[in-house]
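Trainee: Could we go through this one together? I'd like to hear the reasoning behind each label.
Mentor: Sure, pull it up and ask away.

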Amino acid sequence: MDPYQGAVGVPVHVTVLRGNNLFQRGNKNEPFLNFVRAEFNGTQLGDSQKCDAAVDESVNYNFFCSFECSESAHTLDDLAQKPVILTVIEILPKEKKQKEEKTCVLGQAVVDLLPLLHGKCSFSSTVVLHPLPGLPTEIDSLDRGIKPTLEVMVSVQEPLLSDAQLSESNLLTVTVETAFSVPEVWSPGPPSSYVAAMQVPLMAEREQILLFSDGVLKMSGEREPVPRPKKWPLGPLLAPDAQFIPGVYIESEPSDLEDGDLNSEEDREFRAEAECNRKRVSWDTEHRCFMDAEGAACLTRRIIECRWWPVEIMRAPQAGGAKLGAGKAGKDKPQAEDEIQIPFHGVAYVDLAPLLYPGVKHIHGAYYLHPFYDSDLFMKTKRTKSVLRESIRAPAAQGRPRPPSSMSSCKATPSKVIDTQRGGKDNREAPKKTGTQGKPAQAESLIDVELQMNAEGQMYADSRSYIIIEITLEKPLIPKRPPEELAKRVMELIPTRPSLPRCPVGAERAVQEYKAQIASVAAQVLEEYQQMFGAAFVAGAEPLDPTTQEQRKSQLFGELNCSGKYFAFKEQMKYSVVRIVREKMLRTEAFTEPEQLQAFLSQLYIFLVDEMHVALNKTLTADVQEVQAQPLLDCAQLIHFAREAELNGDYKLAAHYYKERLARDRSNPSHWFDYGVFYMLTTDYSKAEECFRTAVSIDQSHVSSLLMCGILSEMNEQYEEAGTFLEGATCIDPSSVIAWTLFGLFYLAQENFIQAEMAFQEATKQLRAPLQKSPVCGPDPTGNTSSPAQDEEKEEVGTTESPTDQEHKPAVEVLGETEEARIQTSHVIQPEEGDKVNADDKATVLQHNTTTRLNTTIYMVTVKFLLRNYALQMAQRALAQELLCPDGGPSSSYHLALAHVQLLRGEYSNAGASLQEALSDNIQNPDIWALYGHWYYLVKDYHQAQKCYERTLDFVTDASDTHHIYIRLGSIYLQSGEYEKAKPIYLRACGSSPSCFTWLGLGSACYRLGELAEAEDALTEANILDNGNPEVWGYLSLVCLKTGRKVEAEQSYKYALKFNLPEEPLLQEIKELQAHVGFGNPCFR
């Protein structure tokens, strides 16, 4: 879309309504005749009618004028940085014999048109009419404190920018303030021009040079006032005060918050001295540049390519820049391009990389001025041309003044601004230099420059000259998450959960064990009774008479005594009775008095009989149902813990969680599928296939398991079975993009190009299907749902996947296990030479989806599924097809997926290169930065990993897996001793996906911060989720030692040793603290 489409041919109406507090030149307090003249961008818009102005009365001009905002003249960029200039002119009374009228300029006012670029259709403004210096008007207005003003209204019939263009456009503001500590040889005379220049891309196909030409040399002994107004880039106006932009000022900023080169303490001292006692050149000029969406993207891309941008400066004679290159060539002799010499040619290299940080839209700092050398320019910025040299060369080559461009003002010199076109004539002719054949232009320029010495430019380095530059964007190139949203999410980190049921301990537990033994003995006695006399309880039968009951009782006792069961029952009950005596009755010593013994036995007997009756009534009552205790962890938590263990490389613990999940429900195919994915990670493909096949046997329509069975069958060269599985998946779910794509890849490997073409076409059709909202693989029988991050991933790729597929997102974003290197790389089968038919068939296969450009391709959708399930061989084949696909190619998503594959295979060097390629194409993708952080983490560069993780969390959109970022970033903070930063990170992790590991990290951070109560709470939560973690017990022991709880400290220490706490460093810390406090280790006693 044309970026100026909304502004082509739109008239801008300017109406001067009235003037207030006007004074005539002679200050005679008499009515005088005057009119208003309007001009914009060097074009006179018209004069108002002549009006009589009375003293202390308003003058109603009602002057209407307009100009057309178009792509060719008066562009949006002109509106951004050029005002409408209103000049009030007095018509002097005619003298005798005077034929023509004489006029006198009373003052000038400027109207800023920037509100039109903010979407407004009209606005009113009261602007100050600045009188010319020395006029009585100026003196009187200063004495009375009343300023003359003009009331102006600006309007357009329709907005210059549509809503879409307004949201995508940006406004770049470049302010060159002051160059301090300039060479001492500079002096006020002879008059000189001080020029600074910078080149910026405003649109994808056009760059412009910003010239700041009105620098003013000031002597030492005075400090620049703050705040001070900024100037329009218009050059000198008739009224000097009209050159200031209304309401825009240069504000002071602490040097430690600045960007640039002079931020150290020594630099601050030097700057304080230089800004007061040394010469300086002041511009205080602001350039505004309107950028469309393509221009903003181009700026982002250019900054990614090279972060250093040159700002050149020179001191030239007042005669004009066109004469700079005359040198010794004479007046009539044309000068070669290489002979152009720029006096006092310096350059400052501004680092624009901070503009790519999320939310950053402002750069302000002091930058050293260096002598200009082409070699340095090329090495730092990859540029081969000087901006100032190009601005001088173009007017000289034309031989006539340039017409005013979009960056020039009505009073600007022809060399003010140069529009440079990429690939234009200058670029084509640049490599063709005289006396050079067969040499690249860059190499030649480097050699030529090195032979010259910029003696005048060297004065900048000798004087430690620096220039203060400010670059501001109206909108950040990369948005950042608003603080309000972040605060709200932090408040929701730890949800409330129901209190855990109280576990019986001590006396209560002893009584429960006694009741359990009573129930066990009663069941055995009842079984013996039924063996002797038949069923004890018969529905509808008459009760036994007392005589029969006594007989059966005697027979039962006799049988129990003869068989020895009665003695066995007493032995079974003895331990529980002993525990009641010790725990409930608190008797551990022998009795010295027989009376005490008899009293205690009587009390014990009564208690045991009462509890026996309670236990028997509960056991023999048919209506009472035992309440089954619910497990503490559900299946979703178990799979989360398993993937977290995979991330930490603890595959034994991960397998334990997978097995526990299977023990909960062995009839769930998703549990078997997850277990198979775990074996895919550990490269145990035989067990993985067994799990997938078990899942299919449970549910024949489980598409994910069918696909994985097909992939593994092909890896085992069981092609017939593989084709059956893959085709079955497409039949069960015909709308699955993944199933059709895998089916096509299978046939492509078999060189069955016709079938492959069919499968790819169907996959593309399903990818493009509009209004596709239903899940691809149908409802999951487990009722599990996908996570929000996976839902975002679905929306991004423009397709839907089964809930089963979504559930199996990889817990380990990158795992650098060397076992993955055993996977053999499989290449796309290429047709042999001379096989023209097969080659044409394959070309047809690759051209099947060229009609419509999509946000993604069928191959990238499939690659995500394959990476989630660690099918690296098939993923590499899909990535190869992505390169050959017309809609694909080496995009950022491709390089991200390739880096993921390489990290899983342990190819770290290749993964780093792929991540660099991904970042160069899309620097705003948080997943790329997250994976970059994982790469640094795996190569043990924790400092860089920390920076990548922090940058990932600053993005507006979350990465697809923030939990692993929290875990690794928190561990880095703990290792580096930054406990204040580790605590909120672990709080986020506990709020989003709590686990033993996250609570342990939070507890250890709180312990290191001295927050023992919070540390104990967090460690208790960790212990609830996994009571076999030795580190949790170790930290609990430290907390108990700190708080003086001897018994609990010893118990925690014993459990830490029981679960094999490593010797270093936690165990050593515990022992040192035990030695310090004098308790906590049972061996002390």
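**Reasoning through the labels**

Mentor: Let's start with confidence, since this is a predicted model. pLDDT stays under 50 over residues 1–7, where the model has 20 contacts beyond four places in sequence. The stretch 399–441 also stays under 50, with 89 such contacts. For the chain, the average pLDDT is 78, and 77% of the residues score at least 70.

Trainee: Okay, on to the rings. Why is the aromatic pair of Tyr 675 and Phe 678 called stacked?
Mentor: Two checks. Their centres are 6.3 Å apart, and the cut-off for a pair is 6.5 Å, so they pair. The planes make an angle of 15°; under 30 degrees counts as stacked, so that's the label. The structure holds 28 aromatic pairs, by the way.

Trainee: Where do Tyr 675 and Phe 678 sit along the chain?
Mentor: Both are in helix 18, residues 669–681, and they're 3 residues apart, about one turn of the helix. They also belong to one aromatic cluster with Tyr 651, Tyr 658 and Tyr 679.

Trainee: Why does Tyr 675 count as buried?
Mentor: Its relative accessibility is 7%, and buried means under 20%, so Tyr 675 qualifies. Phe 678 passes by the same test, because its value is 4%.

Trainee: What makes Lys 380 a charge over the ring of Trp 308?
Mentor: Lys 380 lies over the face of Trp 308, at 4.5 Å from the ring centre. The distance limit is 6 Å, so that part is met. Lys 382 over the face of Phe 378, at 5.8 Å, is within the limit too.

Trainee: How do you know that helix 27 is mostly covered?
Mentor: Count the residues: 11 of its 11 are buried. Helix 27 spans 858–868, and the buried set includes Lys 864 and Arg 868 as well as Phe 865 and Leu 866. Just after helix 27, Tyr 870 takes a positive phi of about 60°.

Trainee: Which residues touch the most other members of the largest nonpolar core?
Mentor: Trp 283, Ile 471 and Leu 742, out of 174 residues. Helix 22, residues 737–749, gives the largest share, 10 residues. There's also a second, separate core of 42 residues, with Val 14, Leu 22, Cys 65 and Leu 113 among them.

Trainee: What does Trp 283 touch beyond four places in sequence?
Mentor: Its contacts include Val 176, Tyr 194, Phe 212 and Ile 313, along with Glu 177, Asp 214 and Lys 231.

Technical notes
Residues numbered from 1 in each chain as written. Predicted model: local features only at pLDDT ≥ 70, side-chain atom pairs only at ≥ 80, totals over all residues. Heavy atoms only, no water. Phe/Tyr/Trp six-rings, centres within 6.5 Å; stacked < 30°, edge-to-face > 60°. Helix = DSSP H or I, 4+ residues; strand = E, 2+ residues; numbered from the N terminus. Buried < 20%, exposed > 50% of the residue type's maximum accessible area, 1.4 Å probe, protein only. Lys NZ or Arg CZ within 6 Å of the ring centre and 35° of its normal. Core = buried A, V, L, I, M, F, W, Y, C linked by side-chain atoms within 4.5 Å. Contact = heavy atoms within 4.5 Å. pLDDT = per-residue confidence, 0-100.
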